[in-house]
Every structure is written in structure tokens, then in C-alpha cells.
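Here are my notes on this model, point by point. Please read them with the structure open.

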Amino acid sequence: MSQAQVHKFINQQACNEALTQELASCIMQAFTTQAKVSVILPGGSTPGGLLQLLSQEDMRWSDLQVSPTDERWVAADSEYSNSKMLAQALPQAQLLDPRLADSAEASSVAWAAVMQKHLPVAATLLGMGGDGHIASLFPGMPGLATALQLCEEPSALVGLAPDEPEVRLSLNLSMLCATQWLGLLVFGEEKWQMLERVLAHDPTTQALPIYQLLWHAPQPIHIYWAP
Ligand SMILES: O=C1O[C@H](COP(=O)(O)O)[C@@H](O)[C@H](O)[C@H]1O
């Protein structure tokens, strides 16, 4: 049974405001027992407004470590880099940059080792593409079945997107679910229709990464949506 909890808002601003408070609360709660706190946040275009609001929250920023859910294998200063986007949006936090070696393969191995030391993180927020991908786990890509297995060790891998930039680094589903709070931020009617089909067990969605997340994550997943 899906443990999805849907939070729908009339517009993106209201959604971002509510989600900012939820994330800030998770982070503050974690700081009551930990000296350093880690969170995992999505890349892409959706989280821009959220990150702007989050950056204005009063918290122990220098002790907060932030990793992207995934990275595009592009130059560090590329407009397509998720790490660059997070570093610019949350300059007060410590970025856990996945680009740790000269090759994508070696970086994925090194990033997995780094992230394993941060588990469980206080909060993991994901985005979703219109094709049902999450992080850089794309429908039909090589290695997808293993990357979606929750019995696998929390890890990272090289992903393959259908469009440029094709080469990606991604956390696997087991790592993405190793968190005290799990969320999904999605905007737009088209993506909502995709979520409805997934939540209704539409058989055409069952091979999608988003289906695996919504139906097999071991804890409740909070879906934040606005048109
Ligand atoms: O390629 C990616 O896509 C998803 C969704 O991106 P969006 O632009 O539709 O918000 C994103 O969550 C992921 O981090 C990113 O690398």
C-alpha cells in the first residue's frame, strides 16, 4: 500500500512556504541531537522558489550539509549543474558535491562512500520529471532495476538520461529512502496526472522510478503539489 500523503496548494508560493516550514522543522529537530545535519535536495527547475525561501530561515547554516539527489556530468560552472544551483541558492550551507573524481564512474563510487557517512539524513526531497524519473533514475536506463532495489546497499551510480546532458550521477533508491523525512515536490497539471495514474496503479506506470518510490518507500512520502 502506498504511504503517500498528498499536500495540494492553490499556487506554488503557498506550496513553497509550507514546505519551507516543514523542512526547517525537520532540520531544527535533527539539530537537537546532532552537531551536524545533512539533507538531500533536488535539482532541476522546480525547487528554485523553495530554496529562496529556505535560505531566509534562521538556522545553523554552517553545520548544515546539503547534497543534491543527483548531478548532471557537466562542468562545475555549467548552468545544468545541480550542485551549482544548490550552492548559489544556499551559500551559507556546506555543499556535498558529487563531482569527486575525473570520471563519472569514479565519482559515483566516491560520492556513495561520502553519503553513507551521513545516513540517515534529516530530510530528503525529490523532484520528478514528466517521464516519471526521480533524481537521475530514468525509465529504461541501464542498471535501473538494481538502482531501484531497496534491498541494495545505499549507494550512488552513473545514470543515463534520454536527452543532454545524458551522463548523470544519482543516489540509488535505497540511499534516497535512508532519511527521517521523505518528500516529493511537483508542480503542474501534467505531472499531477502522472502522479494520479501512479497512485491508481495504472499498469503502464509500474516500471517507472516514481512508481517504485511511491509504492515501495518504507516510510510515508509527503507529496507537495501546486499547479
Ligand atoms: O533532470 C532532473 O530532473 C528532475 C526534475 O526536474 P524539473 O526541472 O522538472 O524540476 C530533478 O528532480 C532532478 O534533480 C534533475 O537532475
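1. I start at the ligand. The model is predicted. In it, an oxygen atom of the ligand is 2.8 Å from an N or O atom in the side chain of Ser45. Thr46 also makes a polar approach: a polar atom of its side chain lies 2.5 Å from an oxygen atom of the ligand. Lys191 does likewise, with an N or O atom of its side chain 2.8 Å from a ligand oxygen. Around the ligand there are 15 residues, and those that come nearest are Ser45, Thr46, Asp70, His133 and Lys191.

2. Thr46 deserves a separate look. Where does Thr46 sit? It is in the loop between β2 and α2. Its relative accessibility is 19%, and the cut-off for buried is under 20%, so Thr46 counts as buried. Leaving out residues up to four places away in sequence, Thr46 touches Leu185, Phe187 and Lys191. Lys191, again, is among the residues that come nearest to the ligand.

3. Next, helix α1, residues 12-31. At 1.5 Å a residue, its 20 residues should span 28 Å. The C-alpha atoms at its ends are 28 Å apart, so the two values agree. The N-terminal end is capped by Asn11, with a side-chain oxygen 3.3 Å from the backbone nitrogen of Gln13.

4. Which residues of α1 are buried? They are Cys15, Asn16, Leu19, Thr20, Leu23, Ala24, Cys26, Ile27, Ala30 and Phe31. Viewed down the axis of α1, these fall within an arc of 160 degrees, so they line one face of the helix. The spacing has a general background: an α-helix has 3.6 residues a turn, so residues three or four places apart point the same way. The cover over the buried residues of α1 includes strands β2, β3, β6, β9 and β10, along with helix α2.

5. Helix α3, residues 82-89, can be read in the same manner. Its buried residues are Asn82, Ser83 and Leu86. Down the axis of α3 they fall within an arc of 100 degrees, so they too line one face. They pack against β2, α2, β3, β4 and β5. At the start of α3, a side-chain oxygen of Ser81 comes within 3.3 Å of the backbone nitrogen of Ser83.

6. Now the nonpolar cores. The largest has 43 residues. Leu137, Leu184, Leu195, Ile210, Leu213 and Leu214 touch the most other members. Helix α8, residues 209-216, supplies the largest share of this core, five residues. Apart from it lies another core, of 29 residues, among them Leu19, Val39, Leu64 and Leu125. Leu19 is also one of the buried residues of α1.

7. Leu184 is worth displaying with its contacts. Residues up to four places away in sequence are not counted here. Its partners include Leu195, Ile210, Leu213 and Leu214. Leu125, Leu126, Gly127 and Met128 are also among them, as are Ile221, His222, Ile223 and Tyr224.

8. Finally, Phe138. This residue is in the loop between β6 and α5. At 3% relative accessibility it counts as buried. What does Phe138 contact, leaving aside its neighbours within four places in sequence? The partners are Asp131, His133, Leu144, Leu160, Ala161, Pro162, Arg168 and Pro209. Phe138 and Pro209 are 71 residues apart along the chain, with their C-alpha atoms separated by 6.9 Å. His133 links back to point 1, as one of the residues that come nearest to the ligand.

Conventions. Residues are numbered from 1 along each chain as its sequence is written. This is a predicted model: local features need pLDDT of at least 70, side-chain atom pairs count only at pLDDT 80 or more; totals for chains, interfaces and linings use all residues. Side-chain values use heavy atoms; hydrogens and water are left out. A nonpolar core is a set of buried Ala, Val, Leu, Ile, Met, Phe, Trp, Tyr and Cys residues joined through side-chain atoms within 4.5 Å. Buried means under 20% relative accessible area, exposed over 50%, partly exposed in between (1.4 Å probe, protein chains only). Helices (H or I, at least four residues) and strands (E, at least two) are DSSP runs, numbered from the N terminus. Contact means heavy atoms within 4.5 Å. The expected span of a helix is 1.5 Å times one less than its number of residues. The arc is that of the directions from the helix axis to the C-beta atoms. A polar contact is a pair of N or O atoms within 3.5 Å; within protein, one must be able to donate a hydrogen and the other to accept it, and residues adjacent in sequence count only if both atoms are side-chain atoms. A residue is near a molecule or strand if one of its heavy atoms lies within 4 Å of it.
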